[in-house]
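Here is a short briefing on a predicted model. Keep the structure open while you read.

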Amino acid sequence: MKTYVAVHDPARCKQCNWCSEIVACPGASESICIGCGACVLACPNEALSLVEEPREREVTIEVDGRRARVPERITVKAALIELGYEFNGAADQALSAPCGVGACWACAVEVNGRVRPACVTQVREGMTISTSLSAAYTPRRLVLGFMGHETGGVGTPWQVRCSPQPYVEAACLAAGCNFRCPQCYNWSFTYQGKGVPLTPRQAAERLTTERRRHEVDRMLISGGECTLNRPWLVQFIGELKKLNPGPEARFHVQSNGSLLTHDYIDELVGAGMTDTGIDLKGLETDTFMRITGLKDDALAGRYRDTAWEAVRYIAERYGDTVFLGVGIPYNGELISASEVVRIGEGLVKISPSIQVGVLRYRADFRSRIRPPSDAEIE
């Protein structure tokens with residue numbers, strides 16, 4: 001199998017230290033690098049890259065009762081792939097590793113009796129791995145940024161966003177994302193791998209505390225991409241509803257929509273979701289790939305189609321019970337005005353009552369695009 005190591009380019013490095021501050025990495029030395037690629041994804045200056053480096057030594061591990069030899073200094077995920085296990089980007093797959101930075105814990109497996117994210121955990125001699133988690137296991141994921149939110153998200157009703165009160169929602173951000181948007185404005189959360197993962201109850205308690213502190217009725221989870229770990233998110237919404245049983249409480253899920261299949265949406269609504277905002281990244285595949293940073297056109301097409309279908313399904317199935325807002329990206333360097341028009345026409349065909357917001361894409365993370373003017377956005 002091919003094995004890799006992350007190599008540092010001093011000429012591109014700006015000494016921002018994000019690779020050591022936010023990445024779940026054992027260290028900055030190439031001699032101990034396990035080739036997970038988390039630092040490569042997180043570096044805003046693209047000063048790190050994965051290069052092939054053969055491993056001379058092997059270690060013996062046991063996976064689901066099967067003993068095997070695999071190269072040393074690789075991730076559990078890489079070892080499982082070498083042994084024939086498939087990882088899928090879908091939210092309902094048993095083995096899914098969508099974020100690649102150890103944040104969403106969708107790839108959690110049992111390692112020597114402890115649950116760990118496969119994408120950033122190193123294989124070691126004698127390691128025992130079980131890909132089936134105990135029925136008693138409570139899902140976890142990294143959730144950060146608990147705060148009062150002043151403006152709300154795409155799925156926040158316009159009249160609420162324009163209210164005079166200082167905060168309109170209590171919000172939190174789920175780390176990890178399946179997109180690689182060059183202009184990501186939440187990138188320091190998106191690629192965050194360090195921190196203590198929370199259970200749905202722990203996160204719900206913290207968000208409820210923020211709700212009470214800021215005296216608001218709306219509670220928002222965004223990201224990153226909060227839908228990556230499906231069992232976690234469904235349980236989180238359910239726990240929020242238990243802690244906030246009053247009819248005035250609103251539970252808002254902000255998503256890129258790429259994993260929101262019909263059954264996933266049904267689960268979220270059943271758990272208590274009352275509001276949702278979906279960011280549509282484009283209509284054409286090349287636009288979608290340019291905005292999201294995805295390199296696989298088949299995967300990009302699937303994600304785009306799932307998001308559009310999620311909008312249609314929520315509008316038609318839950319239009320009377322779930323508030324739906326849609327975000328349309330705009331920056332002339334990324335998407336044409338004519339494509340924005342066609343997105344709008346597509347939304348009108350679904351339902352003319354969908355709230356639409358135009359998202360001002362600007363230079364963030366790795367992007368150097370010129371921000372559109374107020375006149376362009378208008």
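Five strands each supply at least two residues of the lining of the largest pocket: β8 (143-149), β9 (169-174), β10 (218-223), β11 (250-255) and β14 (355-360). Of these, β14 gives the largest share, six residues. The model is predicted, and the points below are grouped by topic.

**Largest pocket**
- The space in the largest pocket is about 870 Å³.
- Its lining has 39 residues. Tyr 185, Asn 186, Gln 254, Asp 279 and Leu 359 lie nearest the centre of this pocket.
- By class, the lining of the largest pocket has 16 nonpolar and 15 polar residues. Another eight residues of that lining are charged.

**Second largest pocket**
- The second largest pocket holds about 630 Å³ of space.
- Its lining counts 21 residues. Nearest its centre lie Leu 41, Asn 178, Arg 180, Leu 294 and Lys 295.
- Two elements, α2 (38-42) and α10, give two or more residues to this lining.
- The largest share, three residues, comes from α10.
- The lining of the second largest pocket divides into 10 nonpolar, four polar and seven charged residues.

**Cavity**
- How many cavities of 30 Å³ or more does the structure hold? There is one.
- About 60 Å³ of space lies in this largest cavity.
- The cavity is lined by 10 residues. Cys 25, Cys 33, Ile 34, Gly 35 and Cys 36 lie nearest its centre.
- Eight residues of the cavity lining are nonpolar and two are polar. No charged residue belongs to that lining.

**Helix α10 against α11**
- Two packed helices are described by the angle between their axes and the distance between the axes.
- Helix α10 (residues 297-318) packs on helix α11 (residues 337-350) at an angle of about 30°. Their axes are 10 Å apart.
- That angle makes α10 roughly parallel to α11, because angles under 35 degrees count as roughly parallel.
- The crossing of α10 and α11 is right-handed.
- On the α10 side, Trp 308, Val 311, Arg 312 and Ala 315 make the contact. On the α11 side, Ile 343, Gly 346, Leu 347 and Ile 350 do so.
- This contact of α10 with α11 has six nonpolar residues, one polar and one charged.

**Helix α9 against α10**
- Helix α9 (residues 285-292) packs on α10 at about 95°. The axes of α9 and α10 lie 9 Å apart.
- Angles of 65 to 115 degrees count as roughly perpendicular, so α9 and α10 are roughly perpendicular to each other.
- From α9, the contact uses Thr 285, Phe 288 and Met 289. From α10, it uses Asp 297, Ala 300, Tyr 303 and Arg 304.
- By class, the contact of α9 with α10 divides into four nonpolar, one polar and two charged residues.

**Backbone points to check**
- Most residues other than glycine have a negative phi, and most peptide bonds are trans.
- Which form does the peptide bond from Gly 223 to Gly 224 take, cis or trans? This bond is cis, with omega near 25°.
- Gly 224 sits in the loop between β10 and α7 (230-243).
- Arg 73 has a positive phi, near 55°, and is a residue other than glycine.
- The loop between β4 (66-71) and α3 (76-82) holds Arg 73.

Methods
Residues are numbered from 1 along each chain as its sequence is written. This is a predicted model: local features need pLDDT of at least 70, side-chain atom pairs count only at pLDDT 80 or more; totals for chains, interfaces and linings use all residues. Side-chain values use heavy atoms; hydrogens and water are left out. Axes are lines fitted to C-alpha atoms, for helices over the stretch in contact, and angles run from 0 to 180 degrees between N-to-C directions. Helices (H or I, at least four residues) and strands (E, at least two) are DSSP runs, numbered from the N terminus. Angles under 35 degrees count as roughly parallel, over 145 as roughly antiparallel, 65 to 115 as roughly perpendicular and the rest as oblique. A crossing is left-handed if the near helix is turned anticlockwise from the far one by less than a right angle, and right-handed if clockwise. Contact means heavy atoms within 4.5 Å. Ala, Val, Leu, Ile, Met, Phe, Trp, Tyr, Cys and Pro count as nonpolar, Asp, Glu, Lys and Arg as charged, and the others, Gly among them, as polar. On a 1 Å grid over the protein atoms alone, a cavity is a set of points where a 1.4 Å probe fits but cannot get out, and a pocket is an open set with protein on both sides within 12 Å along at least five of seven lines; lining residues have an atom within 4 Å of a point. Grid points are joined across faces, edges and corners, and a volume is the space filled by probe spheres set on the points.
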